[in-house]
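Student: Got a minute to walk through a model with me? I'd like to start broad and then go residue by residue.

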Amino acid sequence: MAILVVANQTLGGSDLQAAISERISNGRDQFHVVVPVTKPGLEADRRVVWNPSFSVPERGSRDEAMTEARRRAGHRLEQMVAAIQSLGGRASGEVGTSDALNSVQYCLMTATYDEIIVSTL
């Protein structure tokens, strides 16, 4: 069975990499990564975030912000899948919604996992 990894901004971090590497060393090499979208304005690195001083921005700017958030989540996902493969593991993944719990519930409805690694800031 596979291991479900739930993370976004911590993807690529040393703690998560160590946890994945440990599992691969123990012969558990199948991973599925779900990346819940971080809502605009909530990323930890304020230099790369939209300023959500939300006095209700125009609809277009909110849509653009969510598109950018999904793009960033997809980029992190691609990097994590490649990192798992470089460690000798097999990985698939998907970008979830901005509701992390919904993203996990969807994964649990569509596949079986024997472990879940949740990595947060």
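Tutor: We'll take the overall fold, then the confidence, then single residues and salt bridges.

Student: Is this predicted or experimental?
Tutor: This is a predicted model. The average pLDDT is 85, and 83% of the residues score at least 70.

Student: Where does pLDDT stay under 50?
Tutor: Over residues 46-57. The model has 17 contacts beyond four places in sequence for that stretch. Where pLDDT is low, the predicted coordinates should not be read in detail.

Student: OK. How many helices and strands are there?
Tutor: The protein has 3 helices and 4 strands. From the N terminus, the order is β-α-β-α-β-α-β.

Student: And how much of the protein is buried?
Tutor: Of the 121 residues, 40% are buried. The exposed surface comes to about 7100 Å², with 50% of that from carbon and sulfur atoms.

Student: What about long-range contacts?
Tutor: Take the contacts between residues at least 6 apart in sequence: 78% of them join residues at least 24 apart.

Student: Let's go to single residues. Where is Asn8?
Tutor: Asn8 sits in the loop between β1 (2-6) and α1 (14-25).

Student: Buried or exposed, Asn8?
Tutor: Asn8 counts as buried because its relative accessibility is 7%, and the cut-off is under 20%.

Student: What does the side chain of Asn8 make a polar contact with?
Tutor: The side chain of Thr38, at 3.0 Å. Beyond four places in sequence, Asn8 also has contacts that include Val35, Pro36, Ala73 and Arg76.

Student: Pro36 is on that list. Where does Pro36 lie?
Tutor: In the loop between β2 (30-35) and α2. Pro36 is buried, with a relative accessible area of 10%.

Student: What does Pro36 touch?
Tutor: Setting aside residues up to four places away, Pro36 touches Val6, Ala7, Asn8, Gly96, Thr97, Ala100 and Ser103. The C-alpha atoms of Pro36 and Thr97 are 5.2 Å apart, with their positions 61 residues apart along the chain.

Student: Jump to the C-terminal side. Where is Ser119?
Tutor: Ser119 is in the segment after β4. Ser119 counts as buried, at 16% relative accessibility.

Student: Which side chain does Ser119 join by a polar contact?
Tutor: That of Thr10, at 2.6 Å. Ser119 is also in contact with Val6, Ala7 and Leu16, leaving aside neighbours within four places.

Student: And Val118, buried or exposed?
Tutor: Exposed, because the relative accessibility of Val118 is 57% and the cut-off is over 50%. Val118 lies in strand β4 (residues 113-118).

Student: Which residues form a nonpolar patch on the surface?
Tutor: Leu108, Ile116 and Val118. Together they have about 260 Å² of accessible area.

Student: What about Gly89, buried or exposed?
Tutor: Gly89 counts as buried, at 8% relative accessibility. Gly89 is in the loop between α2 (59-86) and β3 (90-95).

Student: What does Gly89 touch?
Tutor: Ile24, Asp29 and Ile84, not counting residues up to four places away. The C-alpha atom of Gly89 is also 6.1 Å from that of Gln30, 59 residues away along the chain.

Student: Asp29 again. What meets Asp29 in a salt bridge?
Tutor: Arg90 does, side chain to side chain, at 3.2 Å, N to O. The pair links distant parts of the chain: Arg90 is in strand β3, Asp29 is in the loop between α1 and β2, and they are 61 residues apart. Arg90 is partly exposed, at 46% relative accessible area. Asp29 is partly exposed too, at 25%.

Student: How many salt bridges are there?
Tutor: The count comes to 6. One of them joins the side chains of Glu115 and Arg28, at 2.7 Å, N to O. This pair also connects distant parts of the chain, with Glu115 in strand β4 and Arg28 in the loop between α1 and β2, 87 residues apart.

Student: Any salt bridge inside a helix?
Tutor: Arg72 and Glu68 meet in one, at 2.9 Å, N to O. They are 4 residues apart in helix α2, so about one helical turn separates them. Arg72 is buried, at 17% relative accessible area. Glu68 also counts as buried, at 18% relative accessibility.

Student: Which residues do salt bridges with shared partners join into one network?
Tutor: Arg23, Arg28, Asp114 and Glu115.

Note on methods
Residues numbered from 1 in each chain as written. Predicted model: local features only at pLDDT ≥ 70, side-chain atom pairs only at ≥ 80, totals over all residues. Heavy atoms only, no water. Patch = residues over 30% accessible without salt bridge, like charges linked within 9 Å, V, L, I, M, F, W, Y side chains within 5 Å. Areas by Shrake-Rupley, 256 points an atom, 1.4 Å probe, with all protein chains shown as cover. Salt bridge = Lys/Arg side-chain N within 4 Å of Asp/Glu carboxyl O. Helix = DSSP H or I, 4+ residues; strand = E, 2+ residues; numbered from the N terminus. Buried < 20%, exposed > 50% of the residue type's maximum accessible area, 1.4 Å probe, protein only. Contact = heavy atoms within 4.5 Å. pLDDT = per-residue confidence, 0-100. Polar contact = N/O pair within 3.5 Å; in protein donor to acceptor, adjacent residues only side chain to side chain.
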